[in-house]
Amino acid sequence: MAALRGGGGAPWRRGWLPALQLVRRSSKAVTRHWKAMHFQRQKLMAVTEYLPPRPAIPPCCLPRAEETRQEDDGYARLLRRQVEEAFRENRMIAVCQYNSMPGEDVVMMRHYLRKHNIEVKFFLNEIVRPVLSQSKYKNLLPLFVGRNVLLVSRETKAKEMLRVLKGVPQINLLGACIDDTILSRKGVENFARLPPLEAAQGQTAGALALLPSQTSSLLQRSSAYLTALLDRHIQHLQAAETGSPAEPSPPQSSSDR
């Protein structure tokens, strides 16, 4: 007890004080508040405000600084050349929206489309848009939003393409350009219902040949009927001279009257 009161004794008996002590003090009262500037001081500040001098020549009249063009790398130029070749060498270019799908499904889709000579092309929009903006296909630019895929073919295989895409819900047809004609999805479906070109040409040729043949038969009918009447009259005259009975005239059809 004496050691504790006097502060002496062993070190472990002495009292322990922490090295870090937290002392909470009361915050000071805010005595400075915002105060509006005096009216005369405002006028003085407005009068003494610095106004930079106007340039002798307006900036719009100065020659423009030459813009430094950033050269594209060779890979970007190669991709743009491939896009140009795809639009130039193919009669059918279909723009589709591509959603994520397993790699096996992509391989199967490529396989089924390749059976009909339809190729699948993946191009970034950053590559396609500059090429289309300077070509006659610039109306296709609104379709290139998000992730897209191109289905190209040297022939117009719209019916076969729609049949394959019907089994691939991850690929949505947005529009197409067939024989330099831009079509919507509905337009592509209507185009697929049309008969083949050879059959349509045969039907058109047959319809065009039918009208001249009918006109020719109508024009020749009167002359043929007149010729038949004259022949019959000659036969009657010859029969009257020889005294032999004349052959009976053939019955006339309703069309010859």
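**Exercise 1. In this predicted model, decide whether F87 and Y137 are buried or exposed, and then classify their ring pair.**

Step 1. Start with accessibility: F87 is buried, and Y137 is buried too.

Step 2. Turn to the rings. Their centres are 5.1 Å apart, with 45 degrees between the planes. Planes under 30 degrees apart would count as stacked and over 60 as edge-to-face, so this pair is tilted.

Step 3. Now place the two residues. F87 sits in helix α3 (residues 74–89), while Y137 belongs to the loop between α5 (125–133) and β3 (148–153). The pair therefore ties together parts that are 50 residues apart in sequence.

**Exercise 2. How many aromatic pairs does the whole structure hold, and what is the geometry of the one formed by Y98 and F122?**

Step 1. A search of the whole structure gives 2 aromatic pairs.

Step 2. For Y98 and F122, the ring centres are 5.3 Å apart and the planes stand at 85 degrees, which means the pair is edge-to-face.

Step 3. Look at where they come from: Y98 is in strand β1 (residues 92–98), and F122 is in the loop between β2 (118–121) and α5, 24 residues apart.

Step 4. Check the surroundings of each ring. Y98 has a relative accessible area of 10% and is buried, whereas F122, at 35%, is partly exposed.

**Exercise 3. Which residues of the largest nonpolar core touch the most other members, and which element supplies the largest share?**

Step 1. This core has 24 residues, and L151, M161, I171 and L173 touch the most other members.

Step 2. Sort the core by element. At least two residues come from each of β1, α4 (103–115), β2, β3, α6 (158–165), β4 (171–178) and α7 (185–192). The largest share, 5 residues, is from α6.

Step 3. Zoom in on I171. Leaving aside neighbours within four places in sequence, its contacts are C96, Q97, Y98, M101, M109, V149 and L165.

Step 4. Another core, of 18 residues, lies apart from the largest one; among its members are V95, Y137, L141 and C177.

**Exercise 4. In what order do the strands form the open sheet, and which are the edge strands?**

Step 1. The 5 strands follow the order β2-β3-β1-β4-β5, with antiparallel pairing.

Step 2. β2 and β5 (181–184) each pair on one side only, and they are the edge strands. On average, neighbouring strands are turned by 25 degrees against each other, direction ignored.

Step 3. Take one pairing as an example: β1 and β3 run antiparallel and are joined by 6 bridges. M92 has S153 in β3 as its bridge partner.

Step 4. Finally, add a helix: α6 lies across β1, β2, β3 and β4, and runs at about 170 degrees to β4.

Technical notes: Residues are numbered from 1 along each chain as its sequence is written. This is a predicted model: local features need pLDDT of at least 70, side-chain atom pairs count only at pLDDT 80 or more; totals for chains, interfaces and linings use all residues. Side-chain values use heavy atoms; hydrogens and water are left out. Rings of Phe, Tyr and Trp (its six-membered ring) pair if their centres lie within 6.5 Å; planes under 30 degrees apart count as stacked, over 60 as edge-to-face and the rest as tilted. Helices (H or I, at least four residues) and strands (E, at least two) are DSSP runs, numbered from the N terminus. Buried means under 20% relative accessible area, exposed over 50%, partly exposed in between (1.4 Å probe, protein chains only). A nonpolar core is a set of buried Ala, Val, Leu, Ile, Met, Phe, Trp, Tyr and Cys residues joined through side-chain atoms within 4.5 Å. Contact means heavy atoms within 4.5 Å. Two strands pair if DSSP finds at least two bridges between them. Axes are lines fitted to C-alpha atoms, for helices over the stretch in contact, and angles run from 0 to 180 degrees between N-to-C directions.
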